[in-house]
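Good morning, and thank you for joining this group meeting. I would ask you to look at the sequence and the structure together while I speak.

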Amino acid sequence: MARIHLFEFEDQSWLPNFIRNYMTDFLQFLSNKTPMYKGIVPIIEKGLKQSKTNQIIDLGSGGGGGLIWINKELRKNIPDLKILLTDYFPNINAFEYTQKQANNFEFIKTSIDARNVPENLNGLRTQFLSLHHFKPKDAQQILQNAVDSNSSIAIFEGQERSFQSILAMIGSPITVLLTTPFIRPFNIGRIIFTYLIPIVPILILWDGVVSSLRTYSVDEMNVLVSNLNNAANFNWEIGKVKSGPTKILYLLGTKK
């Protein structure tokens, strides 16, 4: 199946922030309440160890992703771990909620572009379920910026360009309807735009299917890396790992 870069509502600057936040809040809730990231904890630990850092710079954090769950697991072996949340469209309410769950979370309120990360943000860069938002030129720029900054980077995608993945996305509105009352912090607007005016489940359905169609395969990520300047200065590991009920595509690049 060829990669198709259709639009996602979440990427559109005209989409009201509160609707985008309801969408990313759902993704954050789901990834923290399921073991979908269980298999990638050793990969992140490896990235931190090889980078000789205890800090994660998370790019495209959305609603915080599964970092609350991941943080608990990582701190078993890395008690002094620090995580900085950033996003091009920062979800401040979600960042504040995530920060309240553990004292090692910090966040940046201003927009941070994963293609051009400020040089003062040092640590292992991570991206969860967000590389597919970028066209090949921009995805390569994200990796090139990491190489140019001598910053290790770990990228994870929880969907694939496959019939099974698309089928799972088609069922996502049902999951939205079942989980929305339990998402925190509680927001009456989320209830209204999920049940009375069902914009959120409809947009999540569209974005979920498009996410699968946009996702880079292992071979395509290898091509992105092969086109980088000074790629040989990094160790690259690209593949799939069984993680909870699914498989996670991952890329890990660490400075030699």
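Let me begin with a definition: a polar contact is a pair of N or O atoms within 3.5 Å, where, within protein, one atom must be able to donate a hydrogen and the other to accept it. Please also keep in mind that the model before you is predicted.

We may apply this definition to Ser-243, a residue in strand S6, which spans residues 234–243. Which backbone oxygen lies 2.5 Å from a polar atom of the side chain of Ser-243? It is the backbone oxygen of Met-36. Is Ser-243 buried or exposed? Ser-243 is buried, and its relative accessible area is 0%. Leaving aside residues up to four places away in sequence, Ser-243 touches Pro-35, Met-36, Tyr-37, Lys-38, Gly-39, Ile-40 and Ile-248.

I turn next to helix H2, which comprises residues 41–51. Its buried residues are Val-41, Ile-43, Ile-44, Gly-47 and Leu-48. Where do they sit around the axis? They cover an arc of only 165 degrees, and therefore they lie on the same side of H2. What covers the buried residues of H2? The cover includes strand S1 (55–59), helix H3 (67–74) and strand S4, together with strands S5 (153–157), S6 (234–243) and S7 (246–255). After H2 comes Lys-52, which has a positive phi, near 55 degrees.

The third site is His-133, located in the loop between strand S4 (124–128) and helix H5 (136–148). Why is His-133 classed as buried? Its relative accessible area is 16%, and buried means under 20%. The side chain of His-133 is joined to that of His-132 by a polar contact of 3.4 Å. Not counting residues up to four places away in sequence, the residues that His-133 touches are His-5, Glu-8, Glu-10, Asp-11 and Arg-214. As for Phe-234, 101 residues separate it from His-133 in sequence, and the C-alpha to C-alpha distance in space is 24 Å.

Finally, let us consider the surface. Leu-177, Tyr-195, Leu-196, Ile-197 and Ile-199 make a nonpolar surface patch of about 450 Å². One of these residues, Ile-197, is placed in the loop between helix H8 (188–196) and helix H9 (199–214). Ile-197 is partly exposed, with a relative accessible area of 41%.

To close, I would ask you to find two residues again on the structure: Ser-243, which is buried, and Ile-197, which is partly exposed. Thank you for your attention.

Technical notes: Residues numbered from 1 in each chain as written. Predicted model: local features only at pLDDT ≥ 70, side-chain atom pairs only at ≥ 80, totals over all residues. Heavy atoms only, no water. Helix = DSSP H or I, 4+ residues; strand = E, 2+ residues; numbered from the N terminus. Buried < 20%, exposed > 50% of the residue type's maximum accessible area, 1.4 Å probe, protein only. Contact = heavy atoms within 4.5 Å. Arc of directions from axis to C-beta. Patch = residues over 30% accessible without salt bridge, like charges linked within 9 Å, V, L, I, M, F, W, Y side chains within 5 Å. Areas by Shrake-Rupley, 256 points an atom, 1.4 Å probe, with all protein chains shown as cover. Salt bridge = Lys/Arg side-chain N within 4 Å of Asp/Glu carboxyl O.
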